[in-house]
Amino acid sequence: MSHDSRTEVPDAQRAVAPPGVAMAVRRGSVTLAVVILVLTQLMFVVDTSIVNVALPDIGHELGFSSAGLSWVVTAYALTFGGLILLSGKVGSMIGPRRALILGVIVFVIASVAGGLAPSAGVLVAARALQGVGAAMAAPSVMVLLMGITTPGPQRSRAMAMFVLAVGAGAAVGLLAGGVLTQTLGWQWVMFVNAPIGLVVLLGAVRNLPEMERRRTSLDIGGATASILTMVALVFAFTSAADRGWSSPVVVGSFAVAALALAALVVRERRHPHPVMPLAFFSSMRSAGPLLSMLVVPAGQVGFLFFTTLLTQQVLGFTPIQTGLALVPFTVGLIATNQLTPWLLPRLGERVIGSTGLAGLVLGIAWMALVAADADANTSIVTVLLPSILLGAGAGATFAPVTAVIMHQAPAEHISAAASLNQGLQQLGGGMGLAVLTSVLSATGGLEGGLGATLLATAAFPLTGLLLFGLWARRIPAPDNTPA
């Protein structure tokens, strides 16, 4: 770039605009930069659902047990959710652009390794490494998105694209997973991230500006203790399905989880910048919505996981048919997600969020009834209807719960609240699936336990409904907005 092109931005504008904004304007690439960031977020969201449709094929080819198969989903969720609390601070230290690029590189390498995996253990390790890459990059997406756009219509358009990517990601993943699994093989649900990741990397290098770096202290001990707690718990629940609850391995894993949790509490009390501020859990008013965000994704992930097994291994659907059967879930989610901002100032977060949670409970319970009587003659329509209800409930749930969490967070912990909100969603899905895998084993496995397991799945959003309904408080409306 020539010297003349670098000096097109007036000095006055350069003085008032953040460094990232000025650089993006000079390059004339704000729109392209936003597209790159939205594509990055879409890639991470798609990866949470694209493997679901491929799970039966993965389990058959690599020799997973029913309990072990859950690790394909859980390994990604654990590292993603456990490290995101720490990675946001790392991104501030090394620069969000650099953090995003490094994270995407790790994600792409892990995706290729997963597609080439010769055994179950290698695939689970690759999925865990994918979570590491996603955790490194994901916090920087929002930081850069806010940094390269100016308040007003430009930022509103960028945020609308971001929300659409998050909402549509599940549908894209389910459809792509079905098509790729049935035409090219399950390996391509991993390989597909390579070309997308390369496009993101090239676009990031050429179009994303670097933002100002900040010095901060890293709570590595707290992050380690939190991840160890979650991994030990998930391993204990998953192992119980295969080994039994009295197994020394299971008992030992629960003991490790308890010790790691105690170490986490001690560590966070002493650290000046903890990854998980204990102030969030000092009262149920602040802890209730957070705990709700922990259990709600457990119900959603459990629904997708066990409905995939139901459709392919009981109803005999092809992978593409399974993807199509679950698309209404995302259609319902997007529809209510677009309606929710209009309803919130009129009815309040507590009413909308509680209604959405009730929809989640009813949708999962409905699918449990379908699973209890399912056979090869069951119509695809019986799967479509509860999927729509569940999606509509999810679309009405996450925005109100997130808004309450952010509003109730102490001013000094806003950034930590945002990271914790994302982390709890991932961790909740991983831990919930581990618990439900044990339920499936205890209730008869795929032959007769899917109905009971899906009914147990409904207990997670029901718990979230109680937590949020009892302790959430309506956010006061601004003076210029009708209450």
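**Exercise 1. The salt bridge of Arg127**

Find the acidic partner of Arg127 and place both residues in the chain.

*Solution.*
Step 1. Arg127 pairs with Asp47 in a salt bridge, and their closest N and O atoms are 2.7 Å apart. A salt bridge here is a side-chain nitrogen of Lys or Arg within 4 Å of a carboxyl oxygen of Asp or Glu.
Step 2. The two residues belong to distant parts of the chain, 80 residues apart: Arg127 sits in helix α8 (residues 120–148), and Asp47 sits in helix α4 (residues 30–49). Helices are DSSP runs (H or I, at least four residues), numbered from the N terminus.
Step 3. Side chains of opposite charge can pair when their charged atoms come close.

This is a predicted model: local features need pLDDT of at least 70, side-chain atom pairs count only at pLDDT 80 or more, and totals for chains, interfaces and linings use all residues. Residues are numbered from 1 along each chain as its sequence is written, and side-chain values use heavy atoms, with hydrogens and water left out.

**Exercise 2. Buried or exposed?**

Decide whether Arg127 is buried or exposed, and do the same for Asp47.

*Solution.*
Step 1. Take the cut-offs: buried means under 20% relative accessible area, exposed over 50%, and partly exposed in between (1.4 Å probe, protein chains only).
Step 2. Arg127 has 1% relative accessibility, so it counts as buried.
Step 3. Asp47 also has 1% relative accessibility, so Asp47 counts as buried.

**Exercise 3. The other pair**

How many salt bridges does the structure hold? Describe the one formed by Arg267.

*Solution.*
Step 1. The structure holds two salt bridges.
Step 2. Arg267 meets Asp219 in a salt bridge, with 3.0 Å from N to O.
Step 3. This pair also links distant parts of the chain, 48 residues apart: Arg267 is in helix α13, and Asp219 is in the loop between α11 (193–207) and α12.
Step 4. Arg267 is partly exposed because its relative accessibility is 34%. Asp219 has a relative accessible area of 0%, so it is buried.

**Exercise 4. A pocket and its lining**

Give the volume of the second largest pocket, then describe its lining.

*Solution.*
Step 1. Know the terms. On a 1 Å grid over the protein atoms alone, a pocket is an open set of points with protein on both sides within 12 Å along at least five of seven lines; a cavity is a set of points where a 1.4 Å probe fits but cannot get out; lining residues have an atom within 4 Å of a point. Grid points are joined across faces, edges and corners, and a volume is the space filled by probe spheres set on the points.
Step 2. The second largest pocket holds about 540 Å³ of space.
Step 3. Its lining has 23 residues, and Met230, Leu261, Met276, Leu291 and Leu294 lie nearest the centre.
Step 4. Two or more lining residues come from each of α12 (220–243), α13 (248–270), α14 (284–314) and α19 (414–442).
Step 5. Sort the lining: 19 residues are nonpolar, four are polar and none is charged. Ala, Val, Leu, Ile, Met, Phe, Trp, Tyr, Cys and Pro count as nonpolar, Asp, Glu, Lys and Arg as charged, and the others, Gly among them, as polar.

**Exercise 5. Closed spaces**

How many cavities of 30 Å³ or more does the structure hold? Describe the lining of each.

*Solution.*
Step 1. There are two cavities of 30 Å³ or more.
Step 2. The largest cavity has about 50 Å³ of space. Its lining is Phe280, Ser286, Leu290, Ile405, Gln408, Ala409 and Pro410. Helices α14 and α18 (398–408) each supply at least two of these residues.
Step 3. That lining has five nonpolar residues, two polar and no charged.
Step 4. The second largest cavity has about 30 Å³ of space. Gly81, Gly82, Leu85, Ser226, Ile227, Met230, Met276 and Leu427 line it. Here α6 (66–94) and α12 give two or more residues each.
Step 5. This second lining divides into five nonpolar residues, three polar and no charged.

**Exercise 6. Along helix α16**

Classify Val351 and Ser354 by accessibility, then give the C-alpha distance from Val351 to Gly469.

*Solution.*
Step 1. Val351 lies in helix α16. Its relative accessible area is 43%, so Val351 is partly exposed.
Step 2. Ser354 lies in helix α16 too. Ser354 is buried because its relative accessible area is 16%.
Step 3. Val351 and Gly469 are 118 residues apart along the chain, and their C-alpha atoms are separated by 8.0 Å.
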